[in-house]
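Here are some notes for a colleague who is looking over this entry. They are set out as numbered points, to be read beside the sequence and the coordinates.

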Amino acid sequence: MASVADHFMPREVRAGTHSCVLAPHLKDALAPTAETEFDSKYGRMFPDLPLLDVELEKLMALGRAGAMMDGAAAPGGEEGLADNSRIPSGWTFFGQFLAHDITADRSLLLHHTNFEELRNFRSASVDLDCVYAGGPSGNPYLYDLNDSDKLLVGVNDAARPNDLPRNHQGRALIGDPRNDVHLIVSQLHLAFLKFHNRVVDLLREQDAPAAQVFDLARRFVTWHYQWIVAHEFLPLTVGEALVSDILANGPRFYSYGERPFIPIEFADAAYRFGHSQIRGMYQLNDHARGNIFPDCGGTCPVSQERVIEWRYFFDVDPKHPAQPSKRLDVQFAHSLIKLPASVVGEPENPDHASLAVRDLQRARALDLPSGEAIARAIGAEPLSEEERGLNGDWQDRETPLLFYILKEAEARHRGERLGEVGGRIVAEVLLGLIQADARSFLRRGNGWKPFLPSEQEGHFTMADLLRFAGVA
């Protein structure tokens, strides 16, 4: 492995002083920049398209328990839901982690509203602020009191560092509490804490200037993470060709002017594709199994018996293929159709315990266009009546965007990846956010390539991150 020092300093370090001359590309990486002032609002990717006006009852009839989007109601029940061997199951939760990194809207929309009222409590940037928050100065309780360059890691019931740090009530001390909503995303957040701390160790081994260790570690962790988003997560999700086109030519439809924003077509429809990828049951480690809710419910300490073995979720061991995600289609695992009270409380209307109902209802409240309208806008062939699989009262009507995107993936790509509408929205927004960030590897890296240990030189995968972090 190349020395980390090779990526930010010449090998000649002045004896006794540890002063150095930063290489040009890392001078750029560490140079002070004006903080991007995000307006913390959402926007529209297709502002000129008409809204899809659908009766609320019709939407709820698609997503409630026992209806079309309930996997338990499918022929054969949940046991009959198909696997997607193209995408290992861990990517579902990487996608959730990424969503928490770029969006945090706490409003509950039950009626039509103006999207300008929404506020995003995250920066519209792929920058791990869900992990780092305000840094050692702004949020010191997230950092090790004895070594403030490192993030705090918790100890479990076996006295092992395999849990998030928690207060005496079991609540996680992390940059985004949503990353403790269930066991798998909680353990993924822990992996990023350990990844950062391991990079700190490596920088010190390579005599990085002490005053710059935290900033260098954060920058390199973020750049490797952004690399994974651009070069692994998105190619799996939307296909290599689309990613290559956007990286080379830029987005065609995601236009943000001076400041990037989160389009509601992305946040409230297209990027919710991950809800369809959740399996009915997961093998968590060699001994434990469970569904996402309630078996893997979070906001509580993680015992050693429930520590995730990542070889079940990502391809970290060639001799042990990871369990696949569920195919992309309109059927959700039943545990998402009957969300527990710990997640949704006790809604007056039992239909509101269904994540599918909530997704469809929110899109209606924000006046999103139909899937067909966006297909025409981007020059794609809209789904046929047979492909979208709706009949009865839905004839001569267009399709809710999320439902359309999932049907598009199912009908045209066997549920293995997103289609033209879903893929275009997801890829353009995520790559656009990275390209818009003046601190990203695409803007500040001067042709930067990953340098941490990996199976392929100049590349870096999620499996490489988990191995380097010491959790796989």
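**Notes on the predicted model**

1. The largest cavity is lined by L52, V54, L59, L360, A363, R364, L368, P369, P400 and L401, and the space in this cavity comes to about 90 Å³. The model is a predicted one, and it holds four cavities of 30 Å³ or more.

2. As to the character of that lining, nine of its residues are nonpolar and one is charged, while no polar residue takes part. Among the elements that contribute to the lining, helix 13 gives the most, with three residues; the span of helix 13 is 355-365.

3. Helix 2 covers residues 56-63, and its buried residues are K58, L59, M60, L62 and G63. L59 is also one of the residues that line the largest cavity. The cover over the buried residues of helix 2 includes helix 11 (334-337), helix 13 and helix 16.

4. Where does S354 lie with respect to helix 12 and helix 13? S354 is found in the loop between these two helices, of which helix 12 spans residues 341-344. S354 counts as buried because its relative accessible area is 1%, against a cut-off of under 20% for that class.

5. The surroundings of S354 deserve a separate look. Leaving aside residues up to four places away in sequence, S354 touches G63, R64, L336 and I337, and G63 is itself listed with the buried residues of helix 2. A polar atom of the S354 side chain lies 3.2 Å from the backbone nitrogen of V357.

6. Is Q395, in the loop between helix 15 (385-388) and helix 16 (401-413), buried, partly exposed or exposed? Q395 is partly exposed, because its relative accessible area is 48%, and the class in question ends where exposed begins, at over 50%. Q395 and E385 are separated by ten residues in sequence, and their C-alpha atoms are 8.1 Å apart in space.

7. For the chain as a whole, the secondary structure consists of 19 helices and eight strands, and buried residues account for 59% of the 472 residues. When contacts between residues at least 6 apart in sequence are taken together, 74% of them join residues at least 24 apart. The accessible surface of the protein chain is about 19,800 Å², and carbon and sulfur atoms hold 48% of this area.

Key:
Residues are numbered from 1 along each chain as its sequence is written. This is a predicted model: local features need pLDDT of at least 70, side-chain atom pairs count only at pLDDT 80 or more; totals for chains, interfaces and linings use all residues. Side-chain values use heavy atoms; hydrogens and water are left out. Helices (H or I, at least four residues) and strands (E, at least two) are DSSP runs, numbered from the N terminus. Buried means under 20% relative accessible area, exposed over 50%, partly exposed in between (1.4 Å probe, protein chains only). Contact means heavy atoms within 4.5 Å. Accessible areas come from the Shrake-Rupley method with a 1.4 Å probe; for residues, only the protein chains shown count as cover. On a 1 Å grid over the protein atoms alone, a cavity is a set of points where a 1.4 Å probe fits but cannot get out, and a pocket is an open set with protein on both sides within 12 Å along at least five of seven lines; lining residues have an atom within 4 Å of a point. Grid points are joined across faces, edges and corners, and a volume is the space filled by probe spheres set on the points. Ala, Val, Leu, Ile, Met, Phe, Trp, Tyr, Cys and Pro count as nonpolar, Asp, Glu, Lys and Arg as charged, and the others, Gly among them, as polar. A polar contact is a pair of N or O atoms within 3.5 Å; within protein, one must be able to donate a hydrogen and the other to accept it, and residues adjacent in sequence count only if both atoms are side-chain atoms.
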